[in-house]
Structure formats: C-alpha cells, structure tokens
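Here are a few short exercises to work through with the model open beside you. Try each task before reading its solution.

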Amino acid sequence: IFHLIRYSTQGQFPNPETPGYVGFANLPNQVHRKSVKKGFEFTLMVVGESGLGKSTLINSLFLTDLYPERVIPGAAEKIERTVQIEASTVEIEERGVKLRLTVVDTPGYGDAINSQDCFSTIISYIDDQFERYLHDESGLNRRHIVDNRVHCCFYFISPLGHGLKPLDVQFMKAIHNKVNVVPVIAKADTLTLRESERLKRRILDEIDEHGIKIYHLPDAESDEDEDFKEQTRILKASIPFAVVGSNQQIEAKGKKVRGRLYPWGVVEVENLEHNDFLKLRIMLITHMQDLQEVTQDLHYENFRSDRLKRGGRLSSHGYILPLSPAYVLVCQLSSLHLPPPQRTNLCLDTHRVTKQHRNATVGHNGRHICYSSETEPKHPELRRWKLSY
Amino acid sequence: TATVGGPYGEKASGPGVDFSYVGIDAILEQMRRKAMKQGFELNIMVVGQSGLGKSTLMNTLFKSKVSRKSVQATAQEKIPKTIEIKSISHDIEEKGVRMKLTVIDTPGFGDQINNENCWRPIMKFINDQYEAYLQEEININRKKRIPDSRVHCCIYFIPPTGHCLRPLDVEFMRRLSKVVNIVPVIAKADTLTLEERDFFKKKIREELRANGIDVYPQKEFDEDAEDRMINEKIREMIPFAVVGSDQEYQVNGRRLLGRKTKWGTIEVENIAHCEFAYLRDLLIRTHMQNIKDITSSIHYEMYRVRRLNENNTVVAHANGMPEHHLAAHEM
C-alpha cells in the first residue's frame with residue numbers, strides 16, 4: 001500500500017531505491033495534498049467612488065456575477081447615505097482547487113457632499129475582522145477558525161483628475177498600515193497611452209511624496225525561470241494598473257471578445273495593449289499567497305501587539321469584547337494590569353458569539369451590531385453578509 | 001496576436017512574455033515554493049531499554065549519523081543512574097528540501113532495578129515543549145515563525161520477547177499516547193521467525209486494544225474515508241518489526257544495508273526480511289506531515305486548553321469541555 005500512496009501523490013519522484021535516498025523530499029507533496037483538501041480563503045476589499053466600474057471589474061476578474069440583484073440608488077438617495085459594507089462570498093473551483101473568495105464592497109464611499117468621515121466605517125470593519133480573528137485565535141476551541149481578515153484592498157482612482165485627490169491620499173494613509181493597498185486606475189479607456197503613462201507616474205510620485213505604503217510585489221526568486229522573472233518585472237513596472245472592465249461580448253475582427261463598443265473602435269478587456277486588466281488578474285492570483293502572508297505577519301501582528309498592549313478595551317465601535325483565556329494568561333505572565341471584570345459571559349466559538357451578540361448586546365449609539373454569518377457555505381452559490389453599522 | 005481557446009476565449013500574449021490564463025491552482029505552486037524555502041522541522045523521540053538498537057535505527061532511517069552515539073564520540077556504554085533526555089539536531093537536505101531533524105534520546109529508560117515512574121521525566125519533557133511553544137504563541141511581540149521543538153513522534157521500542165507486552169510497556173504507552181503520537185516497534189526483530197513475529201504482533205495489538213491504548217495512526221483522527229482506508233491497513237500491520245543497520249554488504253551485485261551472519265544476510269530494506277521499509281515510508285515518505293498536524297492541532301491544543309483553564313476556572317464550565325480531556329496531561 002505504501003507503493004500506492006507514494007505514487008498517487010504528485011510530483012517527480014526519483015527512483016526511491018536510489019542508494020542514500022531517504023524520502024523526505026516527498027514532504028512538499030504531502031503538504032500539497034493537504035492544501036488541496038483544505039482549499040483557500042481570500043478576502044478582497046474594493047474601495048472607490050460610485051461609478052468607477054468597481055463591480056464590473058470584480059465580476060470580470062472572476063468571471064462571475066457577484067451582484068445579481070443590484071439596484072443603483074439615485075442622487076437624492078445618495079445625499080444622506082453613509083458608507084455601507086457589503087460582503088459577498090463565492091466559491092470557485094478549478095482543477096480540484098477550491099477558493100472561497102469574499103469581496104467586500106463599500107458603496108457610498110466618497111458619495112456624500114461632505115466626505116469627511118466616510119472611511120471610519122471601513123477602518124472599523126478592517127479592525128473588527130482583526131479583532132474577531134484575535135479573539136478566535138485566543139479562544140479554547142481553535143479547530144474551525146474562519147479567516148475573514150481583509151487580505152487586499154483595491155483602491156480605485158478616477159482617471160479624470162491629474163493624480164490623487166485629497167480624499168485618496170487621506171484614505172490610503174489611514175489604511176496602509178492595516179491592509180495591503182493596491183491602487184488601480186479605473187475606466188482607463190478614457191486615457192490615451194501617453195496620458196495613462198503620465199498619470200501613472202504622477203500617482204507614483206504623489207504616493208512617494210505623501211509617504212503612502214502600497215503593496216510591493218516581491219522580486220522573483222533567483223531560482224525562478226526567466227519567463228516568470230520577466231513577468232514580475234513587467235508587473236512591477238505597470239503599477240498602478242490602469243484597467244477596463246466589461247462583461248459584454250463584442251464581435252471584433254471576426255471573433256468574440258469581452259470589451260466595450262465605441263463608434264471609434266472596440267476596447268478589448270483582455271488585450272494587453274489596451275489596458276492592464278490581465279496584469280491585474282495575474283498579479284492577484286500569483287501573489288495571493290504573499291498577500292495573505294503579509295496580512296498575517298505584518299498587519300495582523302501589528303494590530304495584535306497594539307491591542308494586547310492597550311488592554312482588554314473597547315473595539316472601535318464601542319463594543320466590549322470579553323477577555324479571552326489566553327489574554328488572561330499573557331497578562332499574568334508579563335505582569336500586565338488586568339482590566340476590570342467584564343459584564344458579559346465568556347463566549348468561545350463564533351456560533352455562540354453570534355447568538356450572544358444578537359440577544360445581549362447593544363453597542364454605542366444604540367446601534368445593533370449583527371453579524372448574520374455562519375460557517376462555511378455548503379453550496380457554491382452566493383451568500384450575502386450584510387453588516388449594518 | 002495569436003489566439004488559442006481558453007476560459008477567456010483567448011490566450012493573449014504580449015511582447016515576449018505570455019500573459020495567458022492563470023488558474024487558481026497557481027496558488028498551490030506558491031505554497032509549495034514557500035514551504036520549500038522555509039524548510040521543515042521534525043522532532044522524533046526514541047524510547048526503550050538500552051541495547052534495543054535505537055541509535056542504529058535512527059541512523060538507518062535517515063541514512064546518516066544522526067543519533068546521539070554517533071555524535072558524541074566519547075559516549076559511554078554505561079547505563080545512567082537516572083533517565084536523561086538528550087536532543088541532537090541536524091540540518092539535512094534532500095533534492096532541495098531542507099529539514100531540521102532533532103532526535104531526542106532517552107538513555108536510562110527502563111534500565112533501572114526499580115522503574116516506577118520512569119515515564120515522568122519524559123512526560124515532563126514533552127509538556128515542557130508544549131509550554132515553550134505556548135509561551136511564544138501568546139507573547140505580545142511574537143516571532144514570525146515560532147520554533148517548533150514539540151515532539152512529533154515517539155518511537156517506542158518493544159523487546160522481541162515473542163510473548164506479550166511487559167507491564168512497563170503498557171504503563172508507558174498508556175500514559176504517553178494521550179499526549180504524543182506513539183509508534184511502537186518490535187526491536188531487533190531478526191530474533192523472531194515469521195510465525196513468531198505474527199503471533200507476537202497479534203498479541204500486542206490485542207493488549208493495546210484491551211488497555212485502551214491508541215497508537216499512531218489513531219482511529220479517531222482519520223479525516224475522511226480515503227485516510228481511513230489507508231490507516232486501517234497500517235493499523236493491521238503495527239507494530240512494525242524492524243532491524244537496523246548502518247553497515248553495507250554486497251548482495252547479488254548490489255550494496256545493501258544489512259546484518260551479515262553465518263546463516264545469511266539480513267537485508268534491512270527488504271520487506272521479506274523485516275518491516276523497516278514500512279516504518280520508514282510511514283514516518284517519512286507518506287505520513288510525516290500528518291504526524292506533525294496531529295501533534296499541533298490535537299495534542300498541543302489539548303495541552304493549551306488545559307493550561308488556559310488552569311488560569312480561569314470559569315471558562316471550563318462555560319465551555320463545557322469534557323472532563324477526561326483535562327485529565328490527560330496529569331502525570
């Protein structure tokens with residue numbers, strides 16, 4: 001049977017009877033097999049003013065329709081609207097690999113006449129996911145921790161201006177220490193090639209000038225093949241990506257392409273000479289692992305150490321989370337001052353947290369915080385989490 | 001630009017580089033690359049009376065001199081007065097995969113006149129590693145990769161008496177199987193004929209069952225039907241009857257590891273002669289990752305729960321954790 005197991009795992013396997021061969025070179029295959037079974041989770045946030053083509057782009061990226069019942073509010077409704085957070089999840093499977101992708105949309109961002117405070121909701125959301133993860137990670141039952149932390153944020157920049165707007169700068173500075181920021185120039189078919197290059201350079205200069213930390217693609221390793229290295233170089237040189245999204249099939253040059261039909265021609269979404277859509281997609285997929293790693297090792301760890309140092313305090317929207325047992329231990333071991341005893345019962349797994357939130361808790365301002373989510377969706381269909389703040 | 005059918009309908013290529021469709025299975029490749037770069041850690045403990053060939057077996061498993069005796073040139077053959085725990089680490093590499101292997105030896109186990117409580121220092125060592133990991137994990141500024149010194153697997157050497165398990169064997173395995181993965185082996189199996197071996201194995205399995213001892217692979221941790229099928233076959237074969245050797249001999253024109261006697265040469269890696277190859281395949285080629293996973297997600301988690309409960313008795317009741325889990329780590 002070992003013969004069977006050995007050869008059913010993938011990967012080149014030299015003749016096991018080679019003298020001196022032990023066999024732990026098969027370890028990566030064992031890990032691989034486990035990863036395929038488990039699948040992956042990824043959370044992508046999209047932020048940008050209305051009408052920049054965010055939803056279209058997301059649908060294009062993953063060839064799905066995440067927003068089938070969408071209703072776009074009129075101007076009058078937008079005046080008083082605060083920023084909403086809408087998370088949609090879809091399960092994608094390719095060649096046996098399962099990806100559970102959550103897209104967090106932020107309708108209402110930048111819409112109000114006075115956009116002074118439009119991103120505090122977004123920041124709260126990001127922090128809340130960290131808080132939740134910290135709570136789960138410190139809990140007693142850790143078998144089914146769901147990772148809803150935001151791994152990447154696409155920030156959409158309007159192609160109509162001459163660079164970054166004040167809101168763009170403020171927002172990116174507010175979140176660059178919490179999430180990987182990938183700036184994207186939206187609706188890039190408004191620009192000629194020259195205008196696009198100029199705008200990109202301008203944006204990069206302003207990013208530098210204001211000390212904004214965007215996500216940096218890691219350089220290709222020295223042992224990668226030349227093609228991959230060249231691809232990485234091209235990707236790095238194209239940031240910020242200028243993209244066009246579309247879900248319509250247009251007839252062009254005798255074949256069907258996804259694009260936008262104008263009287264003067266067809267903009268092809270998947271044509272590298274027309275826009276950077278393909279580059280954005282490839283960047284996202286080939287760096288998904290790295291984006292998760294940076295979120296875990298940098299952003300989350302920063303949040304965690306700050307949080308633990310601050311003490312068992314309120315989360316950003318005023319809800320007092322109960323002390324986790326691990327936190328109590330940390331305090332004792334490092335002689336930190338323990339905060340005063342908590343009102344609520346200790347709740348230990350996400351199910352119970354949900355129920356207790358609904359029944360027993362009201363946060364500041366009398367607003368209810370209800371996460372109507374649960375564990376893994378069983379069907380590869382869309383699930384919506386609506387978080388109302 | 002040339003076009004070839006694909007999920008997008010087109011395979012686009014730019015100047016030089018091909019930006020064609022990348023599937024999400026590319027993520028797997030990234031994970032593999034990351035794993036290769038990081039390298040792996042494996043900590044194996046060997047327990048058994050002196051003279052059962054523990055050090056030789058370790059050297060045979062990893063085809064290098066990794067055991068305590070090979071490293072300490074001045075190692076005496078004297079039996080120590082108390083049980084000692086000795087860790088030796090090696091960095092080994094194979095086909096680009098790097099591994100930090102730590103072999104933890106326990107000289108003195110079972111060698112005294114009175115062996116009562118001889119499992120205690122071993123139990124303590126195992127729990128100390130869990131404690132060290134826990135401390136690092138709950139630290140405010142913690143390391144990116146927490147160094148893993150937890151014992152992933154404990155190979156227990158049963159002397160080839162041919163009859164049944166001794167009280168010491170039962171006592172040790174009963175206690176330790178609750179906190180670590182135990183892989184029992186019949187040592188120096190070249191003392192047994194095939195019939196004697198089969199009888200001995202059956203007897204041992206019966207006794208393990210009768211005493212409620214769950215050795216690796218534990219039935220309750222089978223993940224799915226595929227795992228269960230493979231693991232059931234393994235459970236029918238354990239304990240593996242092994243012979244170790246670091247000497248090579250010429251057999252039929254090939255150089256093989258073996259033991260040369262007047263009545264023939266025992267080939268260590270020949271499954272007709274002994275089950276060393278099965279042990280090696282289990283530990284290294286197929287189940288190494290699983291052994292580590294069980295250690296971190298089950299044994300370590302149980303330790304952690306108990307430890308956290310000690311600090312906050314309220315939690316134990318609110319959580320409704322079954323009592324026997326908490327008792328597992330008591331000595």
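**Exercise 1.** Find the bridge partner of Val184(A) in S6(A), then work out how S5(A) and S6(A) pair.

*Solution.* Start at Val184(A): across from it, in S6(A), sits Phe241(A) as its bridge partner. Next, look at the two strands as a whole in this predicted model. S5(A) pairs with strand S6 (residues 241–242) of chain A in the parallel sense, over two bridges.

**Exercise 2.** Now find how strand S4 of chain A is joined to S5(A), and trace the chain between them.

*Solution.* First, the pairing: S4 (residues 152–157) and S5(A) run parallel and are joined by five bridges. Ile185(A) in S5(A) has Ile157(A) opposite. Then follow the backbone: from S4(A) the chain passes through helix H6 (residues 166–175) of chain A before reaching S5(A), a right-handed β-α-β crossover.

**Exercise 3.** Explain why S5(A) is largely enclosed by the rest of the structure.

*Solution.* Take one face at a time. Val181(A), Pro183(A) and Ile185(A) are buried on one side, and Val182(A) and Val184(A) are buried on the other. Five of the five residues of S5 (residues 181–185) of chain A are therefore buried, so the strand is largely enclosed.

**Exercise 4.** Decide how to treat residues 1–16 and residues 313–331 of chain B, given their pLDDT.

*Solution.* Begin with the average for chain B, a pLDDT of 82, with 84% of the residues at 70 or above. Residues 1–16 of chain B, however, have a pLDDT below 50, and so do residues 313–331 of chain B. Predicted coordinates should not be read in detail where pLDDT is low.

How values were computed
Residues are numbered from 1 along each chain as its sequence is written. Chains are lettered from A and ligands numbered from 1 in the order in which they are written. This is a predicted model: local features need pLDDT of at least 70, side-chain atom pairs count only at pLDDT 80 or more; totals for chains, interfaces and linings use all residues. Side-chain values use heavy atoms; hydrogens and water are left out. pLDDT is the predictor's confidence in each residue, from 0 to 100. Contact means heavy atoms within 4.5 Å. Buried means under 20% relative accessible area, exposed over 50%, partly exposed in between (1.4 Å probe, protein chains only). Helices (H or I, at least four residues) and strands (E, at least two) are DSSP runs, numbered from the N terminus. Two strands pair if DSSP finds at least two bridges between them. A crossover is right-handed if, with the strands pointing away from the viewer, the path from the first strand over the helix to the second runs clockwise.
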